[in-house]
Amino acid sequence: MFVADAGKMAAVGASGPQQQQPQPQAQPQPQPPQQPPQYTDAWYLALLGFAENFRTASPPKIKLCVHCLQAVFQFKPSQRIEARTHLQLGSVLYHHTKNTEQARSHLEKAWLISQQIPQFEDIKFEAASLLSELYCHQNLVDSAKPLLRKAIQISQQTPYWHCRLLFQLAQLHTLEKDLVSACDLLGVGAEYARVVGSEYTRALFLLSKGMLLLMERKLQEVHPLLTLCGQIVENWQGNPIQKESLRVFFLVLQVTHYLDAGQVKSVKPCLKQLQQCIQTISTLHDDEILPTNPADLFHWLPKEHMCVLVYLVTVMHSMQAGYLEKAQKYTDKALMQLEKLKMLDCSPILSSFQVMLLEHIIMCRLVTGHKATALQEISQVCQLCQQSPRLFSNHAAQLHTLLGLYCISVNCMDNAEAQFTTALRLTTHQELWAFIVTNLASVYIREGNRHQELYNLLERINPDHNFPVSSHCLRAAAFYIRGLLSFFQGRYNEAKRFLRETLKMSNAEDLNRLTACSLVLLGHIFYALGNHRESNNMVVPAMQLASKIPDMSVQLWSSALLRDLNKACGNTIEAHEAAQMHQNFSQQLLNDHIEACSLPEHNLINWTDGPLPVQFQAQNGPTTSLASLL
């Protein structure tokens, strides 16, 4: 997201299966080499050379490297050499060993000594930056904050370090979910960058602030800020890769804003620009000429990371629009790229991207009738989250939501309710909350005996009055849920009103799955009313759309209605063909159901509390009802 420190990456947590806010970041470019102090003592140069040789050996000989650096102190060096050596030791111990206490001691000495030395900014502020990172690693955030604040206060004459430390403190506040403080710091950084003549870094600060405002749903502040960012990005003339990366950052924010609002059709022009932009970047060669303004020594994501991010938002769009084969295609490309990157790069944001991709493709699998594969991928998300407490914290609600959706697909309604209830307890994200409530309402409708709980939920997602989120897609889904309830209650005219509202909203934004579900349900209503012609006018396009998605459940549902409809109309051949289709879909879903419930990972449906399960006990076979499938 923001600048943390050279060569390191960090990311802000995301959102739910309905929309996962991608978590962009920035990182500093290497600084131009500065003239180091002239250390002419042969002993120092020799020890430094040995230490570096041991550090870069294959494999690294860190213990010998540390011995060489510690030997420097035996010669009673000057304060400059002493401070620099403490910083080097602290860095080596922190990055290459588990001895964080010694690393901390050396970094604290480097910070203390370097403050007493004039014109020693690089050592002083690098020590502050790395020491605050170590404090956070040790959960000593209250020590990291004042350290960074002091470093920011005394670095105003050093543009590179002042901007970098502002980014770092803003990121720390963001990880603590104190977005107000983070936005304030980013605003300070943007103004400072303007004063020192760095429109490029000003744009980075403003785009980062825009991202946080989107997370806070402060849309009235976001719109003018993004307009300003767009003007700065277009007017800035500089390194082509830096300019295009700013444009990618800007377009990613626009695309995710549209997707958050469920505006799948409206986002298409921005998404196309984003895809063209990443193609342009991939053809550009990295320019090794460093900027003349020290405040410009930052860049956002590496090109390879940007490429994965664009794949991710494309998958998000395809999932919402109901282009599931396209979502599968781009997920495969992105995961392949991620596997290559993770061999060389342990950046946390890569794991975040991987989890978000899996969350979306899992939903695709459940729709296309591949529950066993979806369950194995849910297990994969669990394994990724086990490797990072922060990743688990950020994605626990999404994980329980996915398990709830899986439970619905295998007709384990009690487990689905437990998973959704757990997810609601864990999430603070409004769109995810509304998505979960909508699905929990569908569970209560299917159970048929949870009237009070159902009405309580429906009051909280009333699409006609004060709907809790701005998402077009979720509001359309809320109308569909009310139509579904009215259908089961036999209130057909009321059901038709709700479903026509869903269709109007779905058609406006190309929400293909909602369109298909609404059409087939309207077909059932007209069939129940004896209006076979109108029923046929609904179910035929529903089947065509469901085949295009493809949505296995809607195909099963549509084929059953076509069978009954043609039989009632005396169309024997068509009725037989529809019955054969229904049988084929039923058999496919049944086979997949049996396979999924036989997997040891199926036991995940019982996990609602505590740490992630480490092992899964194998079951003898499926224990769930298949009645809803047939």
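**Exercise 1.** State which helix holds Val 195 in this predicted model, and decide whether Val 195 is buried or exposed.

*Solution.*
Step 1. Val 195 lies in helix α8, which covers residues 179–195.
Step 2. The relative accessibility of Val 195 is 58%. The cut-off for exposed is over 50%, so Val 195 counts as exposed.
Step 3. For its place relative to another residue, take Arg 217: the two are 22 residues apart in sequence, and their C-alpha atoms are 29 Å apart in space.

**Exercise 2.** Treat Pro 348 in the same way: find its helix, its exposure class and its C-alpha separation from Arg 390.

*Solution.*
Step 1. Pro 348 belongs to helix α15, a helix of residues 348–368.
Step 2. The relative accessible area of Pro 348 is 45%. Values between 20% and 50% are called partly exposed, so Pro 348 is partly exposed.
Step 3. Arg 390 is 42 residues from Pro 348 along the chain, with 9.7 Å between their C-alpha atoms.

**Exercise 3.** Describe the largest nonpolar core and the surroundings of Tyr 406.

*Solution.*
Step 1. The largest nonpolar core contains 211 residues. Leu 274, Trp 300, Phe 353 and Tyr 406 have the most contacts inside it.
Step 2. Helix α15 contributes the most to this core, namely 13 residues.
Step 3. Leaving aside residues up to four places away in sequence, Tyr 406 touches Leu 366, Lys 371, Leu 375, Ile 378, Ala 596, Cys 597, His 602 and Ile 605.

**Exercise 4.** Work out how helices α19 and α20 are oriented to each other, and classify the residues in their contact.

*Solution.*
Step 1. Helix α19 spans residues 430–447 and helix α20 spans residues 451–460. Their axes come within 10 Å and cross at roughly 150 degrees.
Step 2. Angles over 145 degrees count as roughly antiparallel, so α19 and α20 are roughly antiparallel. Their crossing is left-handed.
Step 3. Residues making the contact include Trp 433 and Tyr 444 of α19, and Leu 457 and Arg 460 of α20.
Step 4. By class, the contact has nine nonpolar, no polar and two charged residues.

**Exercise 5.** Give the packing angle and axis distance of helices α4 and α5, then the classes of their contact residues.

*Solution.*
Step 1. Helix α4 (residues 100–114) and helix α5 (residues 121–137) pack at about 145 degrees, and their axes are 9 Å apart.
Step 2. The crossing of α4 and α5 is left-handed.
Step 3. Among the contact residues are Leu 107 and Trp 111 of α4, and Leu 131 and Tyr 135 of α5.
Step 4. The contact of α4 with α5 divides into 11 nonpolar, three polar and three charged residues.

Definitions and conventions. Residues are numbered from 1 along each chain as its sequence is written. This is a predicted model: local features need pLDDT of at least 70, side-chain atom pairs count only at pLDDT 80 or more; totals for chains, interfaces and linings use all residues. Side-chain values use heavy atoms; hydrogens and water are left out. Axes are lines fitted to C-alpha atoms, for helices over the stretch in contact, and angles run from 0 to 180 degrees between N-to-C directions. Helices (H or I, at least four residues) and strands (E, at least two) are DSSP runs, numbered from the N terminus. Angles under 35 degrees count as roughly parallel, over 145 as roughly antiparallel, 65 to 115 as roughly perpendicular and the rest as oblique. A crossing is left-handed if the near helix is turned anticlockwise from the far one by less than a right angle, and right-handed if clockwise. Contact means heavy atoms within 4.5 Å. Ala, Val, Leu, Ile, Met, Phe, Trp, Tyr, Cys and Pro count as nonpolar, Asp, Glu, Lys and Arg as charged, and the others, Gly among them, as polar. A nonpolar core is a set of buried Ala, Val, Leu, Ile, Met, Phe, Trp, Tyr and Cys residues joined through side-chain atoms within 4.5 Å. Buried means under 20% relative accessible area, exposed over 50%, partly exposed in between (1.4 Å probe, protein chains only).
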